Number of protein chains: 8
Amino acid sequence: MDLEPILEDVSEGELSVAEARERIEGFTRVDDFARFDTRREDRNGVPEVVLAEGKRPADVASIAEQAIEKEDRVIITRIDEETKTALEDVQSSAAEVEWIEQAQIMVLRTSEYEPPVTDGTVAVLTGGTSDIPVAEEAAVTAREMGCEVETIYDVGVAGIHRMFAERHQFDDADCIIVAAGREGALPTVVAGMVDAPVIGLPVSIGYGAGADGKAALLGMLQSCTVLSVVNIDAGFVAGAQAAQAARG
Amino acid sequence: MDLEPILEDVSEGELSVAEARERIEGFTRVDDFARFDTRREDRNGVPEVVLAEGKRPADVASIAEQAIEKEDRVIITRIDEETKTALEDVQSSAAEVEWIEQAQIMVLRTSEYEPPVTDGTVAVLTGGTSDIPVAEEAAVTAREMGCEVETIYDVGVAGIHRMFAERHQFDDADCIIVAAGREGALPTVVAGMVDAPVIGLPVSIGYGAGADGKAALLGMLQSCTVLSVVNIDAGFVAGAQAAQAARG
Amino acid sequence: MDLEPILEDVSEGELSVAEARERIEGFTRVDDFARFDTRREDRNGVPEVVLAEGKRPADVASIAEQAIEKEDRVIITRIDEETKTALEDVQSSAAEVEWIEQAQIMVLRTSEYEPPVTDGTVAVLTGGTSDIPVAEEAAVTAREMGCEVETIYDVGVAGIHRMFAERHQFDDADCIIVAAGREGALPTVVAGMVDAPVIGLPVSIGYGAGADGKAALLGMLQSCTVLSVVNIDAGFVAGAQAAQAARG
Amino acid sequence: MDLEPILEDVSEGELSVAEARERIEGFTRVDDFARFDTRREDRNGVPEVVLAEGKRPADVASIAEQAIEKEDRVIITRIDEETKTALEDVQSSAAEVEWIEQAQIMVLRTSEYEPPVTDGTVAVLTGGTSDIPVAEEAAVTAREMGCEVETIYDVGVAGIHRMFAERHQFDDADCIIVAAGREGALPTVVAGMVDAPVIGLPVSIGYGAGADGKAALLGMLQSCTVLSVVNIDAGFVAGAQAAQAARG
Amino acid sequence: MDLEPILEDVSEGELSVAEARERIEGFTRVDDFARFDTRREDRNGVPEVVLAEGKRPADVASIAEQAIEKEDRVIITRIDEETKTALEDVQSSAAEVEWIEQAQIMVLRTSEYEPPVTDGTVAVLTGGTSDIPVAEEAAVTAREMGCEVETIYDVGVAGIHRMFAERHQFDDADCIIVAAGREGALPTVVAGMVDAPVIGLPVSIGYGAGADGKAALLGMLQSCTVLSVVNIDAGFVAGAQAAQAARG
Amino acid sequence: MDLEPILEDVSEGELSVAEARERIEGFTRVDDFARFDTRREDRNGVPEVVLAEGKRPADVASIAEQAIEKEDRVIITRIDEETKTALEDVQSSAAEVEWIEQAQIMVLRTSEYEPPVTDGTVAVLTGGTSDIPVAEEAAVTAREMGCEVETIYDVGVAGIHRMFAERHQFDDADCIIVAAGREGALPTVVAGMVDAPVIGLPVSIGYGAGADGKAALLGMLQSCTVLSVVNIDAGFVAGAQAAQAARG
Amino acid sequence: MDLEPILEDVSEGELSVAEARERIEGFTRVDDFARFDTRREDRNGVPEVVLAEGKRPADVASIAEQAIEKEDRVIITRIDEETKTALEDVQSSAAEVEWIEQAQIMVLRTSEYEPPVTDGTVAVLTGGTSDIPVAEEAAVTAREMGCEVETIYDVGVAGIHRMFAERHQFDDADCIIVAAGREGALPTVVAGMVDAPVIGLPVSIGYGAGADGKAALLGMLQSCTVLSVVNIDAGFVAGAQAAQAARG
Amino acid sequence: MDLEPILEDVSEGELSVAEARERIEGFTRVDDFARFDTRREDRNGVPEVVLAEGKRPADVASIAEQAIEKEDRVIITRIDEETKTALEDVQSSAAEVEWIEQAQIMVLRTSEYEPPVTDGTVAVLTGGTSDIPVAEEAAVTAREMGCEVETIYDVGVAGIHRMFAERHQFDDADCIIVAAGREGALPTVVAGMVDAPVIGLPVSIGYGAGADGKAALLGMLQSCTVLSVVNIDAGFVAGAQAAQAARG
């Protein structure tokens with residue numbers, strides 16, 4: 001880090017001591033206990049995504065408010081009815097509100113927001129329709145990181161002709177995410193056909209032994225083709241890693 | 001059970017008391033502790049298969065000897081070098097010795113043996129070459145129960161065009177066994193294409209999480225197609241059940 | 001597939017381009033994301049069963065509507081009060097409504113529906129009364145695939161004389177499904193007595209170690225008799241596989 | 001404890017200080033680190049059984065030597081060839097050597113040994129022949145605790161008529177131990193037929209999911225009849241508890 | 001079974017054909033699907049206990065009604081508010097209603113009921129106060145099977161002097177049940193001090209790794225003293241087995 | 001224990017028989033079933049902490065009442081709205097009520113309460129903000145045992161510069177508690193930098209494989225630095241052990 | 001596939017029927033049971049790697065021979081002494097033999113072999129020295145796929161200053177593989193510092209709970225930074241995926 | 001770090017550039033791949049312990065050689081016969097060789113070695129004799145970190161009077177380690193009696209469910225007293241943490 005310009009600004013009274021400290025330390029103290037990492041996007045090129053599930057609606061709203069102020073854009077995932085209501089105030093202060101119904105995801109942007117641009121392309125496939133919410137989380141993340149994203153849903157191995165019929169849609173992608181629950185076989189079949197990196201995204205559906213994505217995760221780890229894997233339902237991680245690989 | 005003929009034979013001195021007791025009870029006392037079930041093949045139509053693995057060579061030989069005497073045929077599986085030597089005496093008393101090198105299986109038959117005849121056909125597929133020993137155990141069992149057996153090996157999902165190219169070989173089978181380790185995806189893909197019952201046979205290969213057939217077993221239980229499953233490496237069970245279904 | 005008749009119909013204006021595409025590809029695009037597999041019943045002879053559990057009532061109704069339109073019959077399982085209400089409209093458009101109270105299953109048929117006919121017979125046994133809802137799912141599936149189905153409930157091993165007393169009811173079945181929770185011993189005992197294929201169907205009851213069908217599943221996989229197994233509570237899979245085997 | 005007689009013996013020089021300390025503390029210091037519990041048999045009525053498996057042959061011999069000196073009898077289980085040789089010296093100092101070949105168990109007694117006498121009877125059943133070594137460990141323990149022991153082996157549920165035929169042998173026992181591996185169903189069936197306490201003894205046989213006694217243990221814990229259970233292969237614990245219950 | 005008296009009663013018109021069938025078969029058909037085992041108490045000496053948890057209140061009431069009619073007594077466990085209301089009608093037809101508040105257990109008896117009498121004594125200990133509901137289930141079961149029951153609660157190993165102080169209360173029991181959650185150490189300590197059989201009863205309390213009774217169950221199975229075990233929360237099984245052992 | 005003064009007080013009528021019994025036995029009988037351990041704080045120097053989660057509000061209130069009467073202070077954790085209301089009466093009888101909002105913990109003290117004083121210092125770190133409630137439970141416990149406590153929250157390894165920036169706050173602590181969920185890496189990194197004992201405190205957050213603190217717990221057990229561990233969410237145990245080590 | 005040139009070659013006698021079949025089908029039949037996938041490298045750009053572990057030395061040699069003949073290069077991993085001897089003949093027919101002692105890997109190349117060239121760079125880090133054999137498998141794979149590979153070993157979190165000191169070596173890599181056993185924290189720390197995709201590679205070291213790479217795998221899946229993961233010890237998969245991402 | 005003296009030494013030629021680099025970076029490069037952390041003992045006060053198990057004898061010897069040269073002392077654990085021979089050369093260069101037979105541990109010291117001195121005392125207890133090797137590893141580590149160590153072995157809960165009799169030996173220790181396998185109850189009982197921190201050390205003995213220290217680990221994590229825990233068999237970690245706490 002180049003300290004001199006910061007210190008000069010302080011000596012000239014153009015930067016407060018508190019702000020200078022924040023810039024040097026690389027984080028902001030929030031409410032006496034949290035430490036917001038202000039250099040993360042710089043270091044990793046990964047946007048902050050707010051997982052609403054498991055948080056109180058009011059907290060989601062206040063985190064979203066902070067995030068949009070600092071980064072001019074915020075992505076909020078798994079929003080239920082109550083949280084959606086709590087977000088109404090925040091929405092009104094955003095220039096642009098995008099609501100992805102199927103996945104219960106909201107993206108807010110200020111008028112200053114300049115989206116990143118890359119020449120990376122990412123394809124997102126799913127085995128069934130129940131995998132779509134998780135797949136959308138991946139797709140939105142990759143798109144917000146500047147990639148072009150193609151989605152090809154419900155092409156699982158129980159009727160494998162459907163995937164072959166849509167092959168032209170993912171054949172040239174720079175990175176391919178394949179979301180699947182149950183036995184999770186689709187990523188293996190796809191990875192056997194392409195030369196781009198394939199990321200397996202297990203989805204927590206199914207019942208009985210191996211339920212909740214466990215069989216899918218183990219199957220992808222055991223794949224006889226070349227595949228890397230993220231945790232069950234980790235759409236955000238899959239999308240961010242795919243974008244990192246695709247923007248090359 | 002029709003008791004009268006047995007009792008008449010006893011009263012006429014044509015049947016010893018000990019043998020009559022055995023017939024009525026349906027089992028033979030062996031060496032003061034074991035009770036050999038003499039009605040099993042009648043009830044289930046399933047031959048006795050001797051699993052040599054984990055038994056002492058001499059014990060395998062003596063079980064084989066008893067079995068061939070009572071049933072005119074015996075199938076012995078997972079035979080190592082030492083056991084093979086121990087079986088030499090038994091072989092000499094058999095009219096026919098069949099040795100299946102790849103699967104380390106031996107079938108012995110007397111000259112009296114009359115093989116069962118059915119019009120059932122069973123196909124046995126494997127994902128890779130490591131699955132073959134277990135698949136052969138299934139194939140031999142089904143064949144010895146009177147079915148015609150077709151084997152189609154090494155057609156797994158990493159290069160799925162191989163399976164499509166051989167489809168004519170299993171399309172008309174009455175029952176299909178699909179053996180696979182690692183992620184165990186092949187049974188699901190096959191079951192999505194046929195209308196015969198498909199039995200998934202997980203194989204204990206692979207390393208890391210989900211190794212030793214665990215991922216394969218869970219994946220088959222979670223299959224999004226119609227599939228029943230046997231335990232890991234249970235080639236004999238898969239073969240016997242397939243024959244029961246196929247001989248219909 | 002015979003492409004010529006389809007293409008001729010297109011050239012003669014008797015088939016729209018969209019419908020021709022669907023027939024050739026073998027699936028229908030639904031609402032821009034799902035791909036309904038239109039050849040499944042042809043390929044597998046297995047009807048679509050709609051699992052209501054975990055779906056929103058409105059979605060169940062719309063899937064049921066589509067299904068009845070395309071296949072003249074639909075089976076809906078695990079229906080709660082709210083879903084039952086949501087299905088009222090769909091019912092009114094069906095010629096025949098069958099409601100199986102004990103298992104919360106509904107079957108709807110149009111007047112055009114022609115049930116499949118086979119000469120297969122399937123017996124369905126349960127260990128206790130808690131296993132009945134899952135057993136009924138299997139029974140309905142097999143019956144709808146054209147098999148004659150006999151049910152023999154509450155004959156578990158704690159009072160094993162009950163099963164012996166009913167043996168005449170399942171002795172001649174072409175395939176036998178045995179549903180059991182807790183220790184899941186009944187399928188093993190039954191399979192030791194018959195020569196038809198037996199399918200073990202573990203049920204998610206019980207508490208403590210091995211609860212929720214886990215002990216039952218492992219016990220059936222470890223069975224010392226010939227048994228294949230489906231996942232815990234997978235009544236539909238058991239019923240479909242039994243019908244495939246029985247209709248031989 | 002009645003201290004006075006001990007202290008009087010010390011004061012009269014009839015008891016050394018070291019021995020008095022041992023009697024009061026209830027244990028003996030061995031080689032500066034171990035503390036042999038000299039009151040265990042008094043408190044629990046349970047003999048010391050030496051598990052040879054996993055111990056060095058010389059250690060087994062020296063433990064056996066100590067034990068026979070203090071208790072006039074010692075039971076040693078799971079003895080391999082090397083250990084058997086190491087025990088030769090100890091044998092020569094015993095008045096009576098009992099060798100149970102099938103279970104690789106040895107019992108040594110001095111001429112002073114007075115066996116306990118009770119009017120308890122214990123029956124020990126097994127599902128198969130592989131369960132016998134563990135069952136014998138239970139049987140020997142119960143017999144050495146003064147019970148009359150009846151063994152009924154190889155009567156498992158795959159051919160359940162064998163168990164019914166031998167029912168008279170265990171019907172009047174005060175306590176019944178049932179050893180079983182694989183799916184472990186036999187204890188449940190037996191417990192459904194008798195009014196004596198039944199102890200399930202899972203055995204570590206089998207392969208695949210639920211192997212090594214795991215399915216058997218879970219099945220016994222989930223039993224729909226009244227059953228208590230000991231750990232996998234814990235023949236000694238089953239035998240000792242059965243004797244405690246039977247000797248009433 | 002002595003068939004003649006039954007058949008004579010039929011021939012003399014003193015017994016209906018339906019009832020004769022029931023007596024010979026040993027079970028009653030209920031509502032076309034259930035088969036009530038009418039010989040269980042005779043065979044096992046174990047009363048029917050109705051577990052209300054997981055059943056619909058109306059079903060609990062109707063099962064209770066049937067049971068009291070057939071056996072003159074019924075024990076109902078884990079009763080919530082709604083079920084208690086549903087049981088009001090049944091109560092009114094009982095001569096005696098016993099309500100055990102702490103354990104939410106109800107025992108109903110007709111005026112004809114004759115309790116079994118044995119000379120067995122059972123002690124029930126718990127580690128903490130959270131173990132009491134499960135312990136009471138065991139205590140009620142043993143008492144209803146004719147044993148004298150002593151309860152000694154909250155004497156766990158965190159303050160082990162409490163157990164020593166109460167030792168005189170369980171020292172002479174014929175059988176001892178020790179209920180414990182968390183690490184489940186109390187049964188081991190108790191079993192090291194007595195010569196009666198000790199049954200470990202793990203309780204589903206605690207959080208984190210080994211929660212819900214899992215650590216307690218494994219610890220009891222691994223106990224270095226002589227202990228048999230029932231499943232987590234299986235108070236009824238522990239009580240019934242203890243009574244079987246104690247009434248000796 | 002010095003019995004004479006107690007017995008003298010009894011003989012002089014200054015102590016009731018009941019109280020004398022309590023002092024000698026070291027516990028109080030409560031409501032006929034519980035046995036309150038009155039010597040615990042003396043023996044362990046650890047205060048009683050009441051975990052409200054999973055208890056009925058009224059029970060929490062009555063336990064708190066008893067505890068404050070006997071120990072002049074009580075700590076109640078994981079208090080929900082309903083319990084907070086139930087505690088209102090108890091609060092009114094306390095001289096001092098401390099409410100820790102973020103962690104839902106309440107501490108009540110009488111005017112007689114004399115806090116322990118030690119010269120021990122404990123630092124409590126967390127990886128994220130979700131770990132704070134559990135960390136606060138640890139912090140309050142250590143503080144109530146007389147230690148000075150420093151908290152440094154939200155300094156996890158995803159932005160590790162935050163922890164380095166705050167290092168001066170924990171470098172001289174006598175004992176350090178590090179709470180972390182997800183992958184639980186922070187305790188390992190901290191323990192690699194200091195010479196005080198570090199206690200890892202896994203927190204039950206996260207989803208998918210290794211969720212609910214499981215990955216964190218295993219990671220801490222496998223740590224390549226020197227670390228001891230408590231169970232998932234066991235803030236009280238971590239705090240009490242840290243205070244025991246720090247007060248040295 | 002362009003069929004015409006193949007068919008023309010056949011018609012002109014320049015291609016045998018057998019070879020034409022192979023090219024059209026895309027696989028070679030080997031010894032009557034295996035089906036070598038001849039299009040894999042074309043489709044995936046991934047070389048065949050022969051895992052010697054678990055194969056018979058003679059089989060490794062013959063697979064290596066086939067592979068070098070078809071692909072002019074072969075990589076063999078985890079070679080023990082016996083296998084190394086068995087490979088001597090194959091070596092003699094290769095133009096170039098590379099032996100990587102530390103990882104027991106051998107690469108053989110013919111004189112015709114033309115290595116792929118890409119501009120991708122891959123960095124491979126390890127936590128400790130035990131992780132190196134697995135890391136080398138990854139490094140060799142990526143290098144053989146045409147990437148420049150930098151290795152930075154033994155920089156784990158127990159002494160995290162080592163990693164910071166070497167940061168310049170991996171800061172500009174296109175893809176980073178981080179191999180770690182035990183608690184597996186290093187990939188998370190690295191991924192928090194860079195914007196290239198990071199692949200976690202768990203290594204099967206450690207003992208106790210979470211041993212053999214299990215804690216490492218779960219920790220990487222739960223990582224609070226962006227990370228994808230391969231199975232335990234899957235060095236080849238990590239290397240191949242990294243090269244796919246890096247060659248972009 | 002104070003850089004100036006180092007740089008001055010370099011400028012005056014008293015320190016080579018390579019050595020200066022090592023001091024500034026805080027690690028030594030070994031053989032081109034390892035990075036020996038030269039500041040660890042300074043930071044943590046924990047000595048390097050060499051675990052011989054799983055390493056090649058020659059490697060153990062060379063690591064030991066390096067370590068003794070840099071730190072004047074080295075501790076080597078779990079030494080088998082072959083490794084002991086390999087260490088002969090290293091021994092000859094040490095001034096002092098200590099061999100702890102029972103635990104197969106060797107400590108080597110040069111004549112320059114100055115042991116640390118603290119006033120901390122550590123007690124090490126075990127449940128049985130099989131726990132001693134692991135306990136000795138803990139004891140040696142604590143002693144080598146300058147603590148006085150008392151060992152009290154074989155005082156487990158099966159004969160709990162033995163522990164009470166030895167209580168005076170651990171009552172005043174600054175920190176107590178309790179090693180136990182099987183059900184692992186001893187640490188809980190001890191922690192209920194003292195006010196020093198107690199560290200539970202699970203040991204990998206036992207068979208069946210919960211074997212290999214798993215039940216012991218879970219039981220210690222679930223302990224109802226205040227206890228922290230290290231991984232199974234992690235004697236070194238327990239000893240080092242105890243010394244950190246005790247040296248206060």
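## Helices and chain contacts in a predicted model

The buried residues of H11(A) are Gly235(A), Phe236(A), Val237(A), Ala238(A), Gly239(A), Ala240(A), Gln241(A), Ala242(A), Ala243(A), Gln244(A), Ala245(A) and Ala246(A). That is 12 of the 12 residues, so H11(A) is largely enclosed by the rest of the structure. The model is predicted. After H11(A) comes Gly248(A), with a positive phi near 25 degrees.

Helix H4 of chain E also has buried residues: Val60(E), Ala61(E), Ile63(E), Ala64(E), Ala67(E) and Ile68(E). They cover an arc of only 170 degrees around the axis, which puts them on the same side of H4(E). The face turned away from that buried side carries two exposed residues, Ala58(E) and Glu69(E). What covers the buried residues of H4(E) includes three strands of chain E, S3 (49–51), S4 (73–77) and S6 (105–109). Helices H5 (81–86) and H6 (88–92) of chain E are also part of that cover. Asp72(E) follows H4(E), and its phi is positive, near 65 degrees.

Both helices can be checked for length at 1.5 Å a residue.

| Helix | Residues | Expected span | Distance between end C-alpha atoms |
|---|---|---|---|
| H4(E) | 57–71 (15 residues) | 21 Å | 21 Å |
| H11(A) | 235–246 (12 residues) | 16 Å | 16 Å |

For H4(E) the expected span and the end-to-end distance agree. They agree for H11(A) as well.

Chain F offers a helix pair. The axes of H1(F) (residues 3–11) and H2(F) (residues 17–25) come within 10 Å and cross at roughly 170 degrees. Angles over 145 degrees count as roughly antiparallel, so H1(F) is roughly antiparallel to H2(F). From H1(F), the contact uses Leu3(F), Ile6(F) and Val10(F). From H2(F), Val17(F), Ala20(F), Arg23(F) and Ile24(F) meet them. By class, this contact of H1(F) with H2(F) has six nonpolar residues, no polar residues and one charged residue.

Between chains, the picture varies. The contact of chain C with chain A takes 14 residues from chain C and 12 residues from chain A. On the side of chain C that touches chain A, strand S2 (residues 34–37) of chain C gives the most, with three residues. That side of chain C divides into six nonpolar, three polar and five charged residues.

Other pairs do not meet. Chain A and chain E do not touch, and their nearest C-alpha atoms are 19 Å apart. No contact joins chain E and chain G either; their closest C-alpha atoms lie 11 Å apart.

Key. Residues are numbered from 1 along each chain as its sequence is written. Chains are lettered from A and ligands numbered from 1 in the order in which they are written. This is a predicted model: local features need pLDDT of at least 70, side-chain atom pairs count only at pLDDT 80 or more; totals for chains, interfaces and linings use all residues. Helices (H or I, at least four residues) and strands (E, at least two) are DSSP runs, numbered from the N terminus. The expected span of a helix is 1.5 Å times one less than its number of residues. A residue is buried if 20 or more other C-beta atoms lie within 10 Å of its own, exposed if 12 or fewer, and partly exposed in between; C-beta atoms are placed from the backbone. The arc is that of the directions from the helix axis to the C-beta atoms. Two residues are in contact if their C-beta atoms, placed from the backbone, lie within 7 Å. Ala, Val, Leu, Ile, Met, Phe, Trp, Tyr, Cys and Pro count as nonpolar, Asp, Glu, Lys and Arg as charged, and the others, Gly among them, as polar. Axes are lines fitted to C-alpha atoms, for helices over the stretch in contact, and angles run from 0 to 180 degrees between N-to-C directions. Angles under 35 degrees count as roughly parallel, over 145 as roughly antiparallel, 65 to 115 as roughly perpendicular and the rest as oblique.
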